[in-house]
Amino acid sequence: MNECLTKALDLKSILPNGKFILKNYSYFYQYENGKKTDTILGIKYEVLECSALEQLFIKVKKTNPLLTLKEFKELKESHGRIYVDFINAKVTFYESNGRISASILADDIIKIIDDEEELTL
């Protein structure tokens, strides 16, 4: 098997900017024998990378979200955005049905305070 498909790469080596806009999040669950269980393994964050404008899904193996559902809903309703980065995010490539895909797993997610955020006038 190709070494690139077996080695986990640091996300910062691929996207060094390390600044993402949080778009959404959901829990991800454990599966047994192909069936979803009630055991939550962590949170999958949907983000937009700011410089390359790549939409990514990054899993964090923690069950406490960065924002509560209420805080996140209020932020979206006010058209606000939150910038985030990920701690120790690793990208693993794999082959599925003849296509190369990527899986990203991080230790944690953090908020970024952005001094350059656009002002709405």
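This note goes through the predicted model in numbered points, from the overall layout to single side-chain pairs.

1. Overall layout. The protein has two helices and eight strands. Read from the N terminus, these elements follow the order β-α-β-β-β-α-β-β-β-β. Of the contacts with a separation of 6 or more, 54% join residues that are 24 or more positions apart.

2. Surface and burial. The protein has 121 residues, and 27% of them count as buried. Its accessible surface is about 8700 Å², and carbon and sulfur atoms make up 49% of that area.

3. The nonpolar core. The largest nonpolar core contains 21 residues. The members that touch the most other members are Leu11, Leu22, Tyr45, Val47, Ile58, Val84 and Phe86. At least two residues of this core come from each of the following: strand S2 (20-32), strand S3 (35-49), strand S4 (55-60), strand S5 (83-87) and strand S7 (99-106).

4. Tyrosine 45. This residue deserves a separate look. Leaving aside residues up to four places away in sequence, tyrosine 45 touches Leu22, Asn24, Tyr25, Leu56, Phe57, Ile58, Val60, Asn64, Pro65, Leu66, Phe86 and Ile109. Its relative accessibility is 2%, so tyrosine 45 counts as buried, the limit being under 20%.

5. Aromatic pairs. The whole structure has four aromatic pairs. One of them joins tyrosine 25 and tyrosine 45, with 5.8 Å centre to centre and 40° between the planes, and is classed as tilted. Because tyrosine 25 lies in strand S2 and tyrosine 45 in strand S3, the pair ties together parts that are 20 residues apart in sequence. Tyrosine 25 also counts as buried, at 9% relative accessibility.

6. Aromatic cluster. Both of these tyrosines belong to one aromatic cluster, formed by Phe20, Tyr25, Tyr45, Phe72 and Phe86. Among the cluster members, Tyr45 and Phe86 are also listed with the core residues that touch the most other members.

7. Charges over rings. Two lysines are placed with the charged end over an aromatic ring. For lysine 36 the ring is that of tyrosine 29, and the charged end sits 4.2 Å from the ring centre. For lysine 59 the ring is that of phenylalanine 28, at 4.7 Å from the centre.

8. The salt bridge of lysine 12. Two salt bridges are present in the structure. In one of them, the side chains of lysine 12 and aspartate 85 meet at 2.8 Å, N to O. Lysine 12 belongs to helix H1 (residues 11-14) and aspartate 85 to strand S5, so this pair links distant parts of the chain, 73 residues apart. Which partner is buried and which partly exposed? Aspartate 85 counts as buried at 13% relative accessibility, whereas lysine 12 counts as partly exposed at 37%.

9. The salt bridge of lysine 62. Here the side chain of lysine 62 meets that of aspartate 108, at 3.1 Å, N to O. This pair, too, links distant parts of the chain: lysine 62 is in the loop between S4 and helix H2 (69-77), aspartate 108 is in strand S8 (residues 108-112), and they are 46 residues apart. Lysine 62 is partly exposed, with a relative accessible area of 39%. Aspartate 108 is partly exposed as well, with a relative accessible area of 25%.

10. Points to look at in the model. A reader could begin with tyrosine 45, which counts as buried, and go on to its tilted pair with tyrosine 25. The salt bridge between lysine 12 and aspartate 85 can be viewed next, followed by the one between lysine 62 and aspartate 108.

Notes. Residues numbered from 1 in each chain as written. Predicted model: local features only at pLDDT ≥ 70, side-chain atom pairs only at ≥ 80, totals over all residues. Heavy atoms only, no water. Core = buried A, V, L, I, M, F, W, Y, C linked by side-chain atoms within 4.5 Å. Buried < 20%, exposed > 50% of the residue type's maximum accessible area, 1.4 Å probe, protein only. Helix = DSSP H or I, 4+ residues; strand = E, 2+ residues; numbered from the N terminus. Contact = heavy atoms within 4.5 Å. Areas by Shrake-Rupley, 256 points an atom, 1.4 Å probe, with all protein chains shown as cover. Phe/Tyr/Trp six-rings, centres within 6.5 Å; stacked < 30°, edge-to-face > 60°. Lys NZ or Arg CZ within 6 Å of the ring centre and 35° of its normal. Salt bridge = Lys/Arg side-chain N within 4 Å of Asp/Glu carboxyl O.
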